[in-house]
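User: Could we go through this structure together, starting with its empty spaces?

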Amino acid sequence: MPQFASSVNQYPGRASLIWYAILIVTGTAALYLWPACAASPEAPISLLDALFTSTSAACVTGLGVRSTVHDFSYTGQAVILALIQLGGVGIMTVTTFIVVQFSRTGNLRQRKVIADTLGAGEGGDLRVILRNVLMMTLFFETAGFMILAAYNQINYAHYADAGVWSSHGEATWHALFHSISAFCNAGFALHDRSLIPFAESFVVNATIAVLVIVGGLGFPVVNDLWKSRKRPAPDRWGSLQLHSKIMLIGTGVLLVLGFASFLTLESDGVLKGDPALLKVFKAAFHSVTCRTAGFNTVETGDLTNAMLFISILLMMIGGGPCSTAGGFKVSTAAIICLRAWSTFQGYARVNLYRRTISPRSIERAVATAMLFMAIAAIALTALLVIEQSTISHNSGQGKFIDTFFEVISALGTVGLSTGLTTSLSSPSRVIIIVLMLMGRLGPITTFAALAHGERNERVEYPTAEPIVG
């Protein structure tokens with residue numbers, strides 16, 4: 001046992017793998033072996049379906065091969081919700097643990113920056129961080145639940161007539177389930193059409209969107225914003241950490257781009273014939289949900305190829321570090337863009353808000369993005385070989401973009417799908433399971449590998465500059 005603990009302390013990236021492995025195995029066993037989890041004894045949950053569902057829930061993805069509302073009983077739904085909650089909170093606490101562990105190997109200034117960013121206080125006390133993470137989670141999920149529960153009860157008759165629920169208790173259960181699923185960026189919904197029945201509701205759209213955005217920003221940013229509230233309004237922006245500024249600007253830019261793209265590209269598509277206000281609701285919600293939330297208020301399979309591809313780009317980037325969101329992260333994309341822009345202008349350093357971004361951070365950003373894309377390319381090739389090796393291009397039109405979308409949705413832990421998930425063969429489902437786990441662990445373990453102390457080369461050779469570009 002001491003040897004095991006020492007291993008985790010020395011290589012803290014293993015903590016995330018251990019956490020999610022235990023969570024997935026436990027969830028799989030519960031869904032498969034516990035008959036009460038199935039909605040009907042005539043339709044038991046198979047081992048592969050239980051593993052797929054457990055992985056999707058623990059990795060807060062949202063892809064499903066079985067209907068959450070029809071194939072799982074209330075007990076099964078409760079197990080899924082517990083996996084979502086533990087997976088969502090776990091990703092923030094485990095990531096924070098890793099960052100704190102690595103900060104101990106840095107110099108005094110590095111430790112101070114990390115402690116300030118995470119809100120750990122003097123000495124980087126992990127208990128303070130964990131307490132703050134849990135308090136933040138409880139606050140937002142409770143607030144979301146209360147708003148959704150009140151809305152569901154007030155509008156109970158309308159949605160009951162539409163077949164969304166059949167009792168007041170079920171309406172309250174929907175509110176709790178969707179609040180936790182939204183904050184954890186999981187995308188699981190208690191309706192086979194996700195949130196399409198609520199597409200016209202401003203309250204539901206706004207509540208879910210806020211929960212998704214806050215959960216996707218990450219604990220360091222939310223904590224930084226909370227601390228800055230005590231400062232005078234003109235000084236609040238200047239008091240924020242550089243990471244928070246990058247995340248807020250990057251998130252805002254991506255949300256606006258997604259919103260504008262949806263309104264433009266789908267004006268004659270899924271938005272055709274909708275009132276102006278409903279078009280705004282749908283465009284705004286889709287832009288938000290591509291941040292790895294996985295909910296949808298339009299049929300994803302009805303989107304144009306252009307919008308699907310832009311959605312893929314948004315899903316690849318995802319949310320923020322130490323958050324419930326996936327992707328290779330907004331800050332990673334921002335740092336790469338800033339490095340490219342500085343190089344284009346002829347600058348050797350990347351300066352932003354009177355701070356210089358360290359070369360090591362730039363190296364980590366490039367490596368993380370490249371690793372994400374390499375894994376996606378390998379998985380996409382494997383799925384195409386398994387599912388489409390006997391299909392000609394003309395007879396399989398649209399299948400490539402569907403497969404590409406599915407791969408990025410799984411690796412980015414998003415959960416959106418054009419409808420391909422349930423038609424995948426068993427080998428392909430196994431690949432998606434692996435992608436969901438790698439997507440949840442990838443950025444963390446990559447950071448862990450790259451953040452260790454550099455190995456000293458015994459020999460230094462003459463510098464060479466291969467031609468690039």
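User: Which residue classes make up the lining of the second largest cavity?
Analyst: That lining has seven nonpolar, three polar and no charged residues. Here Ala, Val, Leu, Ile, Met, Phe, Trp, Tyr, Cys and Pro count as nonpolar, Asp, Glu, Lys and Arg as charged, and the others, Gly among them, as polar. The model is a predicted one, in which local features need pLDDT of at least 70 and side-chain atom pairs count only at pLDDT 80 or more, while totals for chains, interfaces and linings use all residues. Residues are numbered from 1 along each chain as its sequence is written, and side-chain values use heavy atoms, with hydrogens and water left out.

User: What lines the second largest cavity?
Analyst: L148, N152, W165, H174, A175, H178, L195, F198, V204 and I208 line it. A cavity is a set of points on a 1 Å grid over the protein atoms alone where a 1.4 Å probe fits but cannot get out, and lining residues have an atom within 4 Å of a point.

User: Which helix gives the most to that lining?
Analyst: Helix α8 does, with three residues. At least two residues each come from α6 (126-154), α8 (168-183) and α9. Helices are DSSP runs (H or I, at least four residues) numbered from the N terminus.

User: How much space lies in the second largest cavity?
Analyst: About 70 Å³. A volume is the space filled by probe spheres set on the grid points, which are joined across faces, edges and corners.

User: Turning to pockets, which residues are closest to the centre of the second largest one?
Analyst: The second largest pocket has a volume of about 630 Å³. Of its 30 lining residues, G62, G64, D192, G415 and S417 are the closest to its centre. A pocket is an open set of points with protein on both sides within 12 Å along at least five of seven lines. Its lining divides into eight nonpolar, 18 polar and four charged residues.

User: Back to α9: at what angle does it pack on α13?
Analyst: Helix α9 and helix α13 (residues 276-289) pack at about 20°, with their axes 10 Å apart. Therefore α9 is roughly parallel to α13, a term for angles under 35 degrees. Axes are lines fitted to C-alpha atoms over the stretch in contact, and angles run from 0 to 180 degrees between N-to-C directions.

User: Which residues make the contact?
Analyst: F202, N205, I208, A209, V212 and I213 of α9 meet F281, F285 and V288 of α13, where contact means heavy atoms within 4.5 Å. By class, that contact has eight nonpolar, one polar and no charged residues.

Definitions and conventions
Angles under 35 degrees count as roughly parallel, over 145 as roughly antiparallel, 65 to 115 as roughly perpendicular and the rest as oblique.
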